[in-house]
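This report describes the fold of one protein chain and then turns to selected residues. Please keep the sequence and the structure in view while reading.

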Amino acid sequence: MLSKFRKSEEGFTLIELLIVVAIIGILAAIAIPQFAAYRIRGYNSAANSDVRNVGTAEEALFADSQGYGSPVSGVLAAAAAVAAPAVVTGPLNGATTTAGTTGAYIHNALGAVPFSLSNGVTLGASHTVAAAAPVLGTSYVLVTKHLQGDSCYGRDSDSTSMYKAIHAVGPATILATGDVTVSAPNVDNLAAGGLANCGTYNVM
């Protein structure tokens, strides 16, 4: 009776423990890289969504004022469109029409439309402006990248296509002014390729 009781108290053998540890190690080796890739895909999705939303804001401003505008983070105020590339980084919430309210908006000489930017996403924009007053944007190029993402996403006012390029430096690098190709009217500027770290754009 005592021998049966002692036999039931036996634990796992060393071989069994080693097999379990080996299985856990194999599963971890498979899961950890997949999890990292999943996180990067999530960051890239945020950048992709933001460039689409800012493009929608540009088109809304064009519908109101017959001109595109430049992205600004600050107090909502009337200002002329800026032709030079502008870069802003999220998180940003859309500005309201309340005086003194700070936020993000697309503006030109005749109006403004608010937009939002996700945490960690950088937006770069380049505009071509009309020579005559009022100063209105005639075309735009938008590019976004998440700080932890590995891709740039682009949109051009002269095309219905969405573009994607692999960022050469990769994660932990924000979008630079040199990553934004110059906007030219009636030309799909992103189809010609990228600049700086964003590499060659391909239609999504």
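Helices and strands are taken here as DSSP runs, helices of at least four residues and strands of at least two, numbered from the N terminus. Gln66, for example, is found in the loop between helix 2 and strand 1. The model discussed here is a predicted one.

**Overall architecture**

The protein chain contains two helices and nine strands. From the N terminus on, its elements run α-α-β-β-β-β-β-β-β-β-β. Of the 204 residues in the chain, 37% are buried.

**The N-terminal part and helix 2**

Helix 2 spans residues 14-65, and Leu27 is found in it. Together with Leu14, Ile15, Leu18, Ile19 and Ile23, Leu27 forms a nonpolar patch on the surface, and the accessible area of these residues together is about 620 Å². Leu27 counts as exposed because its relative accessibility is 53%, and the cut-off for exposed residues is over 50%.

An unreviewed UniProt entry carries the annotation "transmembrane region" for residues 12-32. In the model, residues 12-32 are 90% helix and 0% strand. The C-alpha atoms at the two ends of this stretch are 28 Å apart.

Glu59 is also found in helix 2. With a relative accessible area of 30%, Glu59 is partly exposed. Its C-alpha atom lies 9.5 Å from that of Gly69, and the two residues are 10 apart in sequence.

**Strands and their pairing**

Strands of a sheet pair through backbone hydrogen bonds, in either a parallel or an antiparallel way. In this model, six strands form an open sheet in the order 2-5-6-7-8-9, with antiparallel pairing. Its edge strands are strand 2 (86-89) and strand 9 (202-203), each of which pairs on one side only.

The table lists three antiparallel strand pairs, each with an example of two residues that face each other.

| Strand pair | Bridges | Facing residues |
|---|---|---|
| Strand 2 and strand 5 (residues 121-129) | four bridges | Ala86 and Ala125 |
| Strand 6 and strand 7 (residues 151-156) | four bridges | Val143 and Gly154 |
| Strand 3 (residues 102-108) and strand 4 (residues 111-114) | four bridges | Tyr105 and Pro114 |

Strand 3 and strand 4 form a hairpin, with two residues between them.

Which side chains of strand 2 are buried? Ala86 and Val88 point to one face and are buried, whereas Val87 and Thr89 point to the other face and are not.

**The loop between strand 2 and strand 3**

Gly94 has its place in the loop between strand 2 and strand 3. Gly94 is partly exposed, with a relative accessible area of 30%. Gly94 and Tyr105 are 11 residues apart in sequence, and their C-alpha atoms are 6.1 Å apart in space.

Pro91 is found in this loop as well. The peptide bond from Gly90 to Pro91 is cis, with omega near 15°.

**Aromatic pairs**

A pair of aromatic rings is described by the distance of the centres and the angle of the planes. The structure holds two aromatic pairs. One of them is formed by Tyr68 and Tyr140, which are arranged edge-to-face, with 4.8 Å from centre to centre and 80° between the planes. This pair links distant parts of the chain: Tyr68 lies in the loop between helix 2 and strand 1 (70-75), whereas Tyr140 lies in strand 6 (residues 137-146), 72 residues apart.

Are these two tyrosines buried or exposed? Tyr68 counts as buried because its relative accessibility is 7%, and the cut-off for buried residues is under 20%. Tyr140 is likewise buried, with a relative accessible area of 0%. Phe62, Tyr68 and Tyr140 form one aromatic cluster.

**Backbone angles in two loops**

Most residues other than glycine have a negative phi, and most peptide bonds are trans. Gln66 is a residue other than glycine with a positive phi, near 60°. With a relative accessible area of 54%, Gln66 is exposed.

Asn186 is not a glycine either, yet its phi is positive, at about 65°. Asn186 is found in the loop between strand 8 (162-166) and strand 9. At 73% relative accessibility, Asn186 counts as exposed.

Terms used: Residues are numbered from 1 along each chain as its sequence is written. This is a predicted model: local features need pLDDT of at least 70, side-chain atom pairs count only at pLDDT 80 or more; totals for chains, interfaces and linings use all residues. Side-chain values use heavy atoms; hydrogens and water are left out. Patches are made of residues with over 30% relative accessible area and no salt bridge: like charges are joined within 9 Å, nonpolar side chains (Val, Leu, Ile, Met, Phe, Trp, Tyr) within 5 Å. Accessible areas come from the Shrake-Rupley method with a 1.4 Å probe; for residues, only the protein chains shown count as cover. A salt bridge is a side-chain nitrogen of Lys or Arg within 4 Å of a carboxyl oxygen of Asp or Glu. Buried means under 20% relative accessible area, exposed over 50%, partly exposed in between (1.4 Å probe, protein chains only). Rings of Phe, Tyr and Trp (its six-membered ring) pair if their centres lie within 6.5 Å; planes under 30 degrees apart count as stacked, over 60 as edge-to-face and the rest as tilted. Two strands pair if DSSP finds at least two bridges between them. UniProt positions are given in the numbering used here, feature names are shortened, and annotations may be inferred rather than shown by experiment.
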